[in-house]
Amino acid sequence: MLGYQFYWSIVWDALPQLLAGAWVTVQITILSFVIGTLIAMPMAVARQKEKGLGYRLATAWVELSRNTPVLFQVFMIYFGLGALGINISSYISVLAAISFNNAGYLAEIFRGGIAAIPRQQFSAARSLGMTSFQSFMHVVFPQVFQVIFLAFVTQGIWGMLNTSLGMLVGLRELAGAAQYAQSVSFRTFEFFIVTAGFYYVIAKALQLSAHLVFKLMYGRT
């Protein structure tokens, strides 16, 4: 390839650093997805009502998270709050930014799923004596997950890929670890090829795990 000489041994020597970075990526991916989901569910319900303070706050969150770059959100938390004297670690900043972004997108995914469930399902649950919360948790949301499954998993993978922005605020996640290793060795091509492979494996693992959970919950894929 145009006389380029590959040196894979350098990548092998740096493998512990890359694996440590990959573990940070997995941590932030899972935590931000769980946090985003927990925030998105009540926001989706509030957005369905189309009135009240909850609706306005949820709408503001959704609009801001979906219509600004994730990089901007990371910078606002890390550098913006830092300028105000509120110093947050790069790990927490990236976790907070991706959780914020996930919540906005997932809220709309959940809202679309709720709209696809016949209103009579909720009314029937209420007629059996369930509270609104119980009706959503035990009747509506289990059906919603079947409807939104693919979009739900896709958002999780998208959140995982966005963790790579952490290297811009000094976080040694997978991309940050690769960036540091190649800056020392100057073997950019080798490190970025291997790093891309790591991201692919993590994405496929998330996808396969989600399909397994779906099959265990609903008995089909």
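# Reading a helix crossing

Visitor: Which hand does the crossing of α4 and α5 have?

Guide: The α4/α5 crossing is right-handed; by definition, that is the near helix turned clockwise from the far one by less than a right angle, and anticlockwise would be left-handed. Bear in mind that this is a predicted model, where local features need pLDDT of at least 70, side-chain atom pairs count only at pLDDT 80 or more, and totals for chains, interfaces and linings use all residues. Residues are numbered from 1 along each chain as its sequence is written, and side-chain values use heavy atoms, with hydrogens and water left out.

Visitor: What describes two packed helices?

Guide: The angle between their axes, plus the distance between the axes. Here, α4 (residues 70-83) and α5 (residues 90-116) pack at about 135°, axes 9 Å apart. That makes α4 oblique to α5 (not under 35 degrees, roughly parallel; over 145, roughly antiparallel; or 65 to 115, roughly perpendicular).

Visitor: Which residues make the contact?

Guide: Contact means heavy atoms within 4.5 Å. On α4 you'll find Val-70, Gln-73, Val-74, Ile-77 and Tyr-78; α5 brings Ser-90, Ser-93, Val-94, Ala-96, Ala-97, Phe-100 and Asn-101. By type, that's 8 nonpolar, 4 polar and no charged.

Visitor: Is Ser-93 buried or exposed?

Guide: Buried, at 0% relative accessibility; the cut-offs are under 20% for buried, over 50% for exposed, and partly exposed in between (1.4 Å probe, protein chains only). Ser-93 lies in α5 and, neighbours within four places in sequence aside, touches Ile-77, Tyr-78 and Ile-88.

Conventions: Axes fitted to C-alpha atoms, helices over the stretch in contact; angles between N-to-C directions. Helix = DSSP H or I, 4+ residues; strand = E, 2+ residues; numbered from the N terminus. Nonpolar A, V, L, I, M, F, W, Y, C, P; charged D, E, K, R; others polar.
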